[in-house]
Amino acid sequence: MEYSAQQFDIIVIGAGVMGSSTAYQTSKRGQKTLLLEQYDFLHHLGSSHGESRTIRATYPDDYYTDLVLDSYALWEQAQSEIGYKVYYKAHQFDMGPSDSESLKAIIAICRKKSLPHRVLNSQQVAQQFSGRIQIPENWVGLYLDKGGVIKPSKAVSMFQTLALKNGAVLKDNSEVKEIKKTGGENDGVLVVTASGESFRGKKCVVTVGAWTRKLVKRVSGVELPIQPLETTVSYWRIKEEHVSDYAIDNGFPSFASYGDPCIYGTPSFEYPGLIKEWIEERFSGRVDSSEPVMTQLCMYSMTPDEDFVLDLLGGEFGKDVVVGGGFSGHGFKMAPAVGTLLADLALTGETKGLDLEYFRIGRFSDNPKGNVKHY
Ligand SMILES: Cc1cc2nc3c(=O)[nH]c(=O)nc-3n(C[C@H](O)[C@H](O)[C@H](O)COP(=O)(O)OP(=O)(O)OC[C@H]3O[C@@H](n4cnc5c(N)ncnc54)[C@H](O)[C@@H]3O)c2cc1C
C-alpha cells in the first residue's frame, strides 16, 4: 500500500467536457479535487474539441429534456462566473416526415412540458425562414426557442479554469492505469498513473469517454457496452452572397432533421457523402454542397441504446467509484447537468431529483440492447 500518495476528496479521471464539468462542481462545493488527463489538456483525440455543438430541448425522451432545461440555467451560471460566453442562444427547428415517430414523440414532449412551440407545414416553413429552409410537402417542422450553439473547446477550458479557481489540482499527461480499493467500505481508492504517480481519493469519478470500456474492464472486470466510433465533422461553405442568411445573429436556428439521413446541425454537419443532396435541397442552393471546406476527426462513445451511463461502479468499489460515460454523440449540451449529477453521486451516493433508471449499468444485464425505445 502507498502511504506517500497525495490525498484528495475527489479524483476525476478524464478531462473532456464531462470530467471538467464534474471537477468544477466538486471544487465549487469545497471538495479537494484532482482532475487527471492522459494527454495534453484540450487535445483533439477525444469527443469534446471543435468549433460547435448544438443544444436543443427537443428530445423524444423526457428525461433528456429535463437535463437540457437544467443545463441552460447551469451554462448561464458558469458563464457568469467566468465572465465570457460559451453558449449562444438560438431558436431550434426540427423537421421530418409527418409520420416520423421521433418527431411525433418530440412534439408530444413539448406539449407535456408546456414548452411554447409551433408545428409548421412546408409553406409555413418557407415563409418563416424566408426561403432559407425548404422541406418537402409531406414533412412538418417544429419551431421553438429552446435551441442554441456551444463552443466546445472554449467550454471545456471554462470548466477547467473555474475548477482551478476553486482550488482544484489539474494534471495532464497523466494516464490512469489502476484504480485500487483501499481499506474497507467507504475508505476510498488509490489511483495510479502510467508514470507511477499515485493519489488517494475518498471518491473517484471516471469520465474517460471512448476509453471507458477499456479502463473500467481493467480496474473492475466489468464489461460495459460502450463502443468508440470515429466520426468526421464537416464544415460547409455558404455561398458568398448568402453568408449572413445563415448567421446565428440573423435568426438562423440550430436544427435537426429526422428524415434519412438523420442530421443535427449548425453550423457543423456530419457524414459528408450522404448529405450533399440534403444540403442542396434544404438550403435552396445557397450553401456550396460540392465539398466541405474543412473536416475534423472526433470520437463518439456509443451505447447500444444511445443512453448515457451514470452510475456507481459497485462491486468491491461500492459507492467509491462513479462512472459517467457513453454520451453517444449527444451529451455535450447536458455537460453542466451531468457534472452536477456525477458530483452528487460521488458525494452522497445518490442524485437529487433524477431517477437513474435509464442510466444504470445494470440495464444491459437483462437486455444487451439496453433501454427499449418506442420510436
Ligand atoms: C463530431 C461530434 C459532434 C457532436 N455534436 C454534439 C452536439 O451537437 N451536441 C451535443 O450535445 N453533443 C454532441 N456531441 C457529443 C459530445 O461532444 C460528447 O458527448 C462529449 O464531448 C463527451 O465528453 P466526454 O467527456 O465523455 O469524453 P471526452 O471528451 O473524450 O473526454 C474523455 C477524456 O478522458 C481522457 N482519458 C481517457 N482515458 C484516460 C485515462 N486512462 N487516464 C486519464 N485520462 C483519460 C481522454 O483523453 C479524454 O480527454 C458530438 C460529438 C462528436 C464527436
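The exercises below work through a predicted model, each with a solution in steps.

**Exercise 1. Confidence**

Determine how confident the prediction is over the chain, and which stretch calls for caution.

*Solution.* Begin with the chain as a whole, which averages a pLDDT of 92, with 97% of the residues scoring at least 70. Then look for the exception: over residues 267–274 the pLDDT is below 50, although this stretch has 18 contacts in the model beyond near neighbours in sequence. Where pLDDT is low, the predicted coordinates should not be read in detail.

**Exercise 2. The shell around the ligand**

Identify which residues come nearest to the ligand, and describe the make-up of the shell.

*Solution.* First, of the 36 residues around the ligand, the nearest are Gly14, Gly16, Gly46, Gly209 and Gly331. Next, assign the shell to secondary structure: the elements that give two or more residues to it are helix 1 (17–28), strand 3 (53–54), strand 13 (227–235) and strand 17 (294–302). Finally, sort the shell residues by character, which gives 18 nonpolar, 14 polar and four charged.

**Exercise 3. A five-stranded sheet**

Work out the strand order of the sheet that contains strand 5, and find its edges.

*Solution.* The five strands follow the order 6-7-5-14-15 in an open sheet with mixed pairing. At the edges are strand 6 (117–120) and strand 15 (263–265), each of which pairs on one side only. From one strand to the next, the twist averages 15°. Within the sheet, strand 5 (residues 92–97) and strand 7 (residues 139–144) run antiparallel and are joined by six bridges, and Asp94 stands opposite Leu142 in strand 7.

**Exercise 4. A three-stranded sheet**

Explain why strand 3 and strand 4 each have one side without a neighbour in their sheet.

*Solution.* Start from the order, which is 3-8-4 in an open sheet with antiparallel pairing. Strand 3 and strand 4 (87–88) stand at its edges with a single partner strand each, so one side of each is left without a neighbour in the sheet. To follow one of these pairings, note that two bridges join strand 4 to strand 8 (residues 149–150), and that Tyr87 stands opposite Ile150 in strand 8.

**Exercise 5. Two packed helices**

Describe how helix 2 and helix 8 pack, and decide whether helix 2 is roughly parallel or roughly perpendicular to helix 8.

*Solution.* Two packed helices are described by the angle between their axes and the distance between the axes. Helix 2 (residues 62–82) and helix 8 (residues 335–348) have axes 7 Å apart, at an angle of about 95°. Because angles of 65 to 115 degrees count as roughly perpendicular, helix 2 is roughly perpendicular to helix 8. Helix 2 contributes Leu67, Asp70, Ser71, Leu74, Trp75 and Ala78 to the contact, while helix 8 contributes Pro336, Ala337 and Thr340. These residues divide into six nonpolar, two polar and one charged.

**Exercise 6. Backbone exceptions**

Locate the cis peptide bond and the positive phi of Ser114.

*Solution.* Most residues other than glycine have a negative phi, and most peptide bonds are trans. Against the second expectation, a cis peptide bond joins Asp260 and Pro261, with omega about 5°, and Pro261 lies in the loop between strand 14 (254–257) and strand 15. Against the first, Ser114 has a positive phi of about 55° although it is not a glycine, and Ser114 is found in the loop between helix 3 (101–112) and strand 6.

Terms used: Residues are numbered from 1 along each chain as its sequence is written. This is a predicted model: local features need pLDDT of at least 70, side-chain atom pairs count only at pLDDT 80 or more; totals for chains, interfaces and linings use all residues. A residue is near a molecule or strand if its C-beta atom, placed from the backbone, lies within 6 Å of it. Helices (H or I, at least four residues) and strands (E, at least two) are DSSP runs, numbered from the N terminus. Ala, Val, Leu, Ile, Met, Phe, Trp, Tyr, Cys and Pro count as nonpolar, Asp, Glu, Lys and Arg as charged, and the others, Gly among them, as polar. pLDDT is the predictor's confidence in each residue, from 0 to 100. Two residues are in contact if their C-beta atoms, placed from the backbone, lie within 7 Å. Two strands pair if DSSP finds at least two bridges between them. Axes are lines fitted to C-alpha atoms, for helices over the stretch in contact, and angles run from 0 to 180 degrees between N-to-C directions. Angles under 35 degrees count as roughly parallel, over 145 as roughly antiparallel, 65 to 115 as roughly perpendicular and the rest as oblique.
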